[in-house]
Amino acid sequence: MSDLDIITFGCRLNSYESEVMREHANAAGIADAVIVNTCAVTGEAVRQARQAIRKARRERPDAKIVVTGCAAQIDPDQFAQMDEVDRVIGNQEKLEARTYRSLGLVGLGTDDTEKVSVNDIMSVTETAGHLIEGFGGRARAYVQIQNGCDHRCTFCIIPYGRGPSRSVPAGEVVAQVRRLVENGYQEIVLTGVDMTAYGKELPGAMTLGKLVRTVLKLVPELPRLRLSSIDSVEADPDLIAAIAEEERLMPHLHLSLQAGDDLTLKRMKRRHARADSVAFCEAMRRVRPDIVFGADIIAGFPTETADMFQNSLALVDDCGLTFLHVFPFSPREGTPAARMPQVHGKVIAERARALREKGAAALQSHLEGAKGRRIQVLMETEHQGRSPDFTPVRVDPCTASAGALVDCVVAGDDGAAWLAEALR
């Protein structure tokens, strides 16, 4: 039989969940199958998933194809109607071992079973930590601490794919981190849909900052802990203190900013103003001078004028952003933003290009002037890795394998990464 393939789109949480699915599928003895874990954040992400499904069928005509993830949760029928698809399962079902035992025993895509198995995600009130052994050849491992979102940003369809916010108990998070460290992982990334909402429904007034402190205290052998995207306006005092005091918490935050204009933010139904973002970045630099910021910015949100866009463009400098994730606005059916007056597609593309150019210039500025700096690099391949602040680093000479921590000195840059020499 052929191997099991899992094709993953979207966020780090999806990457984590793909590993949970892999373990369940392997335990159930599933082979000669392709599982496509979709993303719904943009219309383009859904298009790419459908394209990947068709390609998988061409390349593996005899394999069973199972589709899951946010796009499948939100609109299962669009995938069930594809001739290439044998089964569609929801975001909750994909994490349950019994789903894969069923997949392994029942003829997929036949009259013996329903083609679609997707529950009402809004009825899910708990999420569990899934103990996984590792992440194949990846340098770092991800641990889910939270799922779902209670907010309703006007552009976002994801709450309807992920359900309400719910947190993994701290003890389960610690157990997962400890197991991955025992298996040789030097860096763990805590991930979730709305990370700064962590703990609100748990007993004991738990917060993201308290969880970070707990993990670092109870797993002292963990060299590096990193956070995925956070909502800066909801950062709790313990998190800010941990960023200031915990050297093993990496000096890199990816912020969900989305825009730099107050009227745009209001129409997005965000919970912060432009000044909040600038003040947060300034405050973090005061307590952690080596911190580096990334951010999500949407180009061409409905009703965005040229002046409103300039406010978003200027946010890159005002916040001192280094890594930009630029999203050309893509209306998602079922969201309020899809019903607002739209910006012309060519204007959106031009604004996205301007933001990307601004981001490239910000990265170049960050790379310059580091010659002679000593850094520790987590190797992702034989010759490339990431510094603590997430800067890409090309290392030569280097004989370490992916996942190793290597002490280096920066010799220069190539416009996209630091060039460094490994210390002997």
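**Exercise 1. Decide how Pro397 counts in terms of exposure, and describe its surroundings.**

Solution. Pro397 has a relative accessibility of 37%, and because partly exposed covers the range between under 20% and over 50%, Pro397 counts as partly exposed. This value, like every other one in these exercises, comes from a predicted model. The next step is to place the residue along the chain, where Pro397 belongs to the loop between strand E16 (392-395) and strand E17 (405-413). Leaving aside residues up to four places away in sequence, Pro397 touches Ala422 and Arg424. For a sense of distance, take Val343, which is 54 residues from Pro397 in sequence, while the two C-alpha atoms lie 49 Å apart in space.

**Exercise 2. Work out whether His151 is buried or exposed, and find what it touches.**

Solution. Begin with the position of His151, which is in the loop between strand E7 (146-147) and helix H6 (159-162). Its relative accessibility is 17%, and since buried means under 20%, His151 counts as buried. When residues up to four places away in sequence are not counted, the contacts of His151 are with Pro159, Asp194, Glu234 and Arg271. Arg179 offers a distance to set beside these contacts, for it is 28 residues from His151 along the chain, and their C-alpha atoms are separated by 33 Å.

**Exercise 3. Describe the backbone angle, the place and the exposure of Thr303 and of Phe390.**

Solution. Take Thr303 to start with: although it is not a glycine, it has a positive phi of about 75°. Thr303 sits in the loop between strand E12 (292-299) and H12, and with a relative accessible area of 24% it is partly exposed. Turning to Phe390, its phi is near 75°, again a positive value in a residue other than glycine. Phe390 is part of the loop between strand E15 (384-386) and E16, and at 13% relative accessibility Phe390 counts as buried.

**Exercise 4. Determine how H12 is arranged with respect to H11, and which residues bring the two helices into contact.**

Solution. The axes of helix H11 (residues 274-287) and helix H12 (residues 306-319) come within 10 Å and cross at roughly 15°. Angles under 35 degrees count as roughly parallel, and therefore H11 and H12 are roughly parallel to each other. Their crossing is right-handed. On the H11 side the contact involves Arg274, Ser277, Val278, Cys281 and Arg285, which meet Asn311, Ala314, Leu315, Asp318 and Cys319 in H12. Sorted by class, the residues of this contact are five nonpolar, two polar and three charged.

**Exercise 5. Carry out the analysis for H12 and H13, and sort the contact residues by class.**

Solution. The axes of H12 and helix H13 (residues 345-367) come within 10 Å, with a crossing angle of roughly 15°, and H12 and H13 are therefore roughly parallel to each other. The crossing of H12 and H13 is right-handed. From H12, the residues Ala306, Phe309, Leu313, Val316 and Asp317 meet Arg351, Ala354, Leu355, Lys358 and Ala362 in H13. Sorting the residues of the contact of H12 with H13 gives seven nonpolar, no polar and three charged.

**Exercise 6. Find which class of arrangement describes H7 and H8.**

Solution. Helix H7 (residues 170-182) and helix H8 (residues 208-218) pack with their axes 10 Å apart, at an angle of about 45°. That angle makes H7 oblique to H8. The crossing of H7 and H8 is right-handed. The contact is made by Ala170, Val173, Val174, Val177 and Arg178 of H7 together with Leu211, Thr214, Val215 and Leu218 of H8. By class, the contact of H7 with H8 has seven nonpolar residues, one polar and one charged.

**Exercise 7. Describe the protein chain as a whole.**

Solution. The secondary structure of the protein chain consists of 13 helices and 18 strands. Along its principal axes the C-alpha trace spans about 65 × 55 × 45 Å. A compact globule of 424 residues would have a radius of gyration near 22 Å, and because the protein chain has 22 Å, the two agree. Of the 424 residues, 56% count as buried. The last step concerns contacts between residues at least 6 apart in sequence, of which 74% join residues at least 24 apart.

Key. Residues numbered from 1 in each chain as written. Predicted model: local features only at pLDDT ≥ 70, side-chain atom pairs only at ≥ 80, totals over all residues. Heavy atoms only, no water. Axes fitted to C-alpha atoms, helices over the stretch in contact; angles between N-to-C directions. Helix = DSSP H or I, 4+ residues; strand = E, 2+ residues; numbered from the N terminus. Parallel < 35°, antiparallel > 145°, perpendicular 65-115°, else oblique. Left-handed = near helix turned anticlockwise from the far one by under 90°. Contact = heavy atoms within 4.5 Å. Nonpolar A, V, L, I, M, F, W, Y, C, P; charged D, E, K, R; others polar. Rg over C-alpha atoms; globule rule 2.2 N^0.38 Å. Buried < 20%, exposed > 50% of the residue type's maximum accessible area, 1.4 Å probe, protein only.
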